[in-house]
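Please examine the sequence and the structure shown below. The paragraphs that follow lead through the second chain, then the first, and end with the contact between them.

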Amino acid sequence: MASMRDIKRRKSSIQGTQQITKAMKLVSTVKLQRAKANAERSKVYFESMFDTVNSILSRVGHVEHRYLVPGESPKKAVIVITSNRGLAGGYNSNVIKLVTRHETWQKEDLSIYALGNKGREAFARNGYTVRETLPEVIEDPAYADAMLLSKRLLERFAEGEFGEIYLAYTSFKNTVSHEPKLLRLLPVNREELESSGKEADAIMNFEPEDIEALDMIIPKYITSLIYGAMVEAVASENGARMQAMDSATSNAEEIINDLALKYNRARQGSITQELTEIIAGAEALG
Amino acid sequence: MADNQNFHLRIITPDRLFYEGDVDMVEFNTTEGEIGVLPGHIPLTVIVKPGILVITEKDGEKDAALHAGFAEILPEGITILAEIVEWPEEIDAHRAEEALHRAQDRLASKTPETDIARAETALMRAMARIEVLK
């Protein structure tokens with residue numbers, strides 16, 4: 001049995017850890033509230049955007065628009081949104097797995113756009129091409145950042161460097177449920193839009209004409225998808241970290257209770273032993 | 001024809017609801033030119049170009065600088081999905097002036113590498129900001 005001093009030392013070290021996890025949990029809870037409010041606000045914008053794009057697409061019929069057909073290049077750009085810091089449970093590895101365990105993708109064809117340091121580290125370690133790293137973007141998601149990123153990607157797509165563009169992120173359902181998602185940004189996924197959108201308004205007119213309108217609206221649509229993913233990912237990150245820290249705190253509690261029991265036993269053991277020794281000594285004298 | 005009809009304006013940006021309320025008229029700049037929208041307009045979707053947004057309410061006018069986005073016009077209201085829109089009090093006059101000069105310089109001394117479209121957009125934005133402050 002470990003000595004009383006050892007047990008005491010171990011217990012106080014775990015108590016220290018518990019204090020840290022407790023504090024981190026509180027911080028994540030506050031951050032989560034803010035991120036959640038952001039995510040909810042951006043949802044209104046995104047939904048209106050989705051409806052409009054949907055109504056345009058359902059009107060133009062099957063046009064050969066450059067944003068609606070895949071490019072010829074086999075190369076794919078993948079935006080991966082992870083966190084900058086760890087201690088968030090499976091949050092980062094779940095998103096990364098979406099890309100590394102994809103059934104048909106070849107490592108050589110992928111160019112990773114890593115939003116968040118954890119993603120960059122993991123992909124660089126596994127030999128993927130990390131084209132860009134934007135760690136500061138997810139600290140405080142701004143629409144302007146999403147605009148710049150989507151502009152760069154659309155240019156590369158137009159130049160023919162990438163045939164397809166994907167987005168991997170963790171979607172935020174509620175505080176306890178987050179789901180890693182892989183989304184195709186370009187070419188625009190018509191089936192998905194048409195199947196889930198509402199019935200289009202048949203009498204809507206467009207100025208400029210439909211095709212030109214698509215040219216201008218699709219980049220905005222892509223930007224809103226990226227921005228939406230950023231705010232949702234931040235909310236999920238804090239949710240995941242809150243859960244991870246919550247379970248770490250209760251685990252620490254369990255260990256502390258266990259150690260307290262062991263400590264008391266050891267103390268009782270040493271008292272019993274001392275008593276036995278005293279009695280034995282007294283008997284020997286008598 | 002639409003005197004007693006409420007004309008509802010909603011301006012949504014990615015991170016906030018910029019404006020919501022019943023209005024008499026909305027004027028702004030689009031890729032096809034400046035337009036003024038009254039209640040009962042035919043359904044129309046237009047793309048926004050940098051310019052001044054004038055909201056005419058029952059008791060006065062409100063101005064804002066509207067830079068990018070698009071608008072969905074329906075007979076009973078307008079929804080503007082604005083990427084960038086600012087009230088006058090949110091604009092830094094000094095910064096706008098600087099941006100104006102920068103864009104003018106870039107257009108004046110243009111080389112083949114100059115991104116003219118970008119400089120022009122920057123110029124229009126700066127002009128809209130300054131105009132709305134007057």
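Gly51(B) stands opposite Leu66(B) in strand β7 of chain B. This pair belongs to the antiparallel pairing of β6(B) with β7(B), residues 60–74, which extends over seven bridges; strands count as paired if DSSP finds at least two bridges between them. The two strands form a hairpin, with two residues between them. On β6(B), residues 51–57, three bridges lead to β3(B), residues 25–30, and these two strands run antiparallel. Within that pairing, Val26(B) faces Ile55(B) of β6(B).

The model is predicted: local features require a pLDDT of at least 70 and side-chain atom pairs count only at pLDDT 80 or more, whereas totals for chains, interfaces and linings use all residues. Residues are numbered from 1 along each chain as its sequence is written, while chains are lettered from A and ligands numbered from 1 in the order in which they are written. The model scores are ipTM 0.74 and pTM 0.81.

Chain B as a whole contains two helices and eight strands. Here helices (H or I, at least four residues) and strands (E, at least two) are DSSP runs, numbered from the N terminus. Along the sequence the order is β-β-β-β-β-β-β-β-α-α. Taken along the principal axes, the C-alpha atoms of chain B fill a box of roughly 55 × 30 × 25 Å. Of the 134 residues in chain B, 33% are buried. A residue is called buried if 20 or more other C-beta atoms lie within 10 Å of its own, exposed if 12 or fewer do, and partly exposed in between, with C-beta atoms placed from the backbone. Two residues are in contact if their C-beta atoms, again placed from the backbone, lie within 7 Å. Among the contacts in chain B between residues at least 6 apart in sequence, 49% join residues at least 24 apart. The mean pLDDT of chain B, where pLDDT is the predictor's confidence in each residue from 0 to 100, is 84, and 96% of its residues reach 70 or more.

Chain A has a mean pLDDT of 86, with 93% of the residues at 70 or more. Confidence in chain A is highest in α6(A), at a mean of 91, and lowest in α5(A), at 60.

A useful starting point in chain A is β1(A), residues 76–81. Six of the six residues of β1(A) are buried. Lys76(A), Val78(A) and Val80(A) point one way from the strand, Ala77(A), Ile79(A) and Ile81(A) the other way. β1(A) pairs in the parallel sense with β2(A), residues 110–115, over six bridges, and Lys76(A) has Leu110(A) as its bridge partner in β2(A). β1(A) also pairs in the parallel sense with β4(A), over five bridges; there Ala77(A) stands opposite Ile165(A).

Together, β1(A), α2(A) and β2(A) make a right-handed β-α-β unit: with the strands pointing away from the viewer, the path from the first strand over the helix to the second runs clockwise. Which residues of α2(A) are buried? They are Tyr91(A), Asn92(A), Val95(A), Ile96(A) and Val99(A). Seen down the helix axis, these buried residues of α2(A) fall within an arc of 115 degrees, so they line one face of the helix; the arc is that of the directions from the helix axis to the C-beta atoms. An α-helix has 3.6 residues a turn, so residues three or four places apart point the same way. The cover over the buried residues of α2(A) includes β1, α3, β4, β5 and α6 of chain A.

Asn189(A) lies in the loop between β5 and α5 of chain A. Asn189(A) counts as partly exposed because it has 13 C-beta neighbours inside 10 Å. Its C-alpha atom is separated by 9.7 Å from that of Tyr67(A), 122 residues apart along the chain.

The contact between the chains takes 22 residues from chain A and 19 residues from chain B. On the side of chain A, the elements that give two or more residues are α1(A), β6(A) and α6(A). α1(A) gives the most, with eight residues. By class, this side of chain A has twelve nonpolar, six polar and four charged residues; Ala, Val, Leu, Ile, Met, Phe, Trp, Tyr, Cys and Pro count as nonpolar, Asp, Glu, Lys and Arg as charged, and the others, Gly among them, as polar. Three bridges join β6(A) to β5(B), residues 44–48, and the two strands run parallel. In this pairing, Asn205(A) stands opposite Leu44(B).
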